[in-house]
Amino acid sequence: MKKLLTLLFLFSAVTIFSQDNLNGKITGKDNTPLEGVNIYYDGTTISTVSDADGKFSIKYEPNANNILVISLMGYQTEYLSGLDVSKPLNIVMKISENELKEVVVNNNNQFTRAQKLKLFREYFLGTTSNAKSAIIKNEDDIKFNYDKKNLLFTASSDKPLVIINPALGYKIDFELVIFEVSFNRFSINSIDAFKNFYGGVSRFEEIDNSAKVLKKREKTFQGSQIQFFRNLANTDWEAKKFLLFKGKYNQDPTKCFKITKEEDYAKVELIDQDKSENMNLNSKKNVAVYNLIFDKKEASRITFETDSFYIYKYGNNSNIQDILFSGKISEKRVGDMLPLNYGVE
């Protein structure tokens, strides 16, 4: 898990190669070729499987800065970044070890599995109309634990969660790495939660592309975090999109952010702000806090705890743990998640 979390927050040096495809071979014990291995870029529809000889070829975009995931049931998942496409990849997968996990015996039966599932769905899928129509096909694989001493609710799964999202026309395989909800008192109700976090890697497969679904996807994209970062990278601000405010005062983004554009990524540097305005937020790391208004009606807040970061081709970005959203934009969770490569050629 530690290895994956490091990769999730990694910014690798950007190197441009001329090749369009990344080629490789996957083997197991005794150099035996592995067929049917899933190879995909995290959070996208870009995927392939290995053939009978263990070989594969997948589209390569050096500046998208995506994690390449190598996954096969019964084997340890591999997470790769900073790849050298000039030579084929030779990947040896290791058989998963059946680790005996600690079993926490809790004599307090106040919370039923149904209550725990309800909380998980709320903070993982979300509560929007898209989220409410989404189904986790293998909910029985989810394990829950409630640490009463630390008022911490966690969830885990040894198998990828299989999510069917009919509203957006996708099947999502989500490998859950971390899921936590912190409470301010012993409770299972979301009204008593004050912090939550989840993370993992995901693979998208399109299952419906009807006109109704395509329209729903575009509506979901509007006002999303990915749209915000793409617009920020392209200095694309307007009333029908995002406007930036400090308190109730409209801000000129060119006086708040310095954008340095490259071919497939942009470096964002925050221009020095008056940090005294942020003293009441109880965080020494705060660099700047802004209000966002999307389409003149959806209000959100963004807090930067870093003074610079990078935005890549798909709108994914570095320093994700240092850029915090609240308000309307934060309501969209896995049930409203679109592939990172949505709308990008």
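This report describes selected helices, strands and single residues of a predicted model.

The model is predicted, and local features are given where pLDDT is at least 70, side-chain atom pairs count only at pLDDT 80 or more, and totals for chains, interfaces and linings use all residues. Residues are numbered from 1 along each chain as its sequence is written, and side-chain values use heavy atoms, with hydrogens and water left out.

**Strand S5 and its partners**

Helices (H or I, at least four residues) and strands (E, at least two) are DSSP runs, numbered from the N terminus. Burial is judged by relative accessible area: under 20% is buried, over 50% is exposed, and values in between are partly exposed (1.4 Å probe, protein chains only). In a regular strand the side chains alternate between the two faces of the sheet. Strand S5 (residues 68–71) is covered on both faces, with Leu68 and Ile70 buried on one side and Val69 and Ser71 buried on the other.

Two strands are said to pair if DSSP finds at least two bridges between them. S5 pairs in the antiparallel sense with strand S2 (residues 38–41) over four bridges, and Ile70 of S5 is the bridge partner of Ile39. S5 also pairs in the antiparallel sense with strand S6 (residues 78–80), over three bridges; here Leu80 in S6 is the bridge partner of Leu68. S5 and S6 form a hairpin with six residues between them.

**Helices H2 and H4**

The expected span of a helix is 1.5 Å times one less than its number of residues. For the twelve residues of helix H2 (residues 113–124) this gives 16 Å, and the end C-alpha atoms are 16 Å apart, which agrees. Lys116, Leu117, Leu119, Phe120, Tyr123 and Phe124 are the buried residues of H2. They fall within an arc of 165° seen down the axis, so they line one face of the helix; the arc is that of the directions from the helix axis to the C-beta atoms. Ala114 and Lys118, on the other side of H2, are exposed. The strands against which the buried residues of H2 pack include S12 (170–183) and S13 (193–206).

In helix H4 (residues 211–221) the buried residues are Val213, Arg217, Thr220 and Phe221. These residues cover an arc of only 100° around the axis, which puts them on the same side of H4. Exposed on the other side of H4 are Ala211, Lys212, Lys215 and Lys219. The buried residues of H4 pack against helix H3 (129–133), S12, S13 and H5.

Three glycines with a positive phi are listed below.

| Glycine | Place | Phi |
|---|---|---|
| Gly74 | turn of the S5 and S6 hairpin | about 95° |
| Gly126 | just after H2 | about 105° |
| Gly223 | just after H4 | about 85° |

**Ser182 in S12**

Ser182 lies in strand S12 and is buried, with a relative accessible area of 12%. Beyond its neighbours within four places in sequence, Ser182 is in contact (heavy atoms within 4.5 Å) with Leu151, Leu152, Asp192, Ala193, Phe194 and Lys195.

**The five-stranded sheet**

Five strands form an open, antiparallel sheet in the order S15-S14-S18-S19-S21. Its edge strands, S15 (249–250) and S21 (323–327), each pair on one side only. Strand S14 (residues 242–246) is joined to strand S18 (residues 288–294) by four bridges, with Phe245 opposite Asn291 in S18.

Thr235 is located in the loop between H5 and S14 and counts as exposed at 52% relative accessibility. The C-alpha atoms of Thr235 and Phe257 are separated by 9.2 Å, although the two residues are 22 residues apart along the chain.
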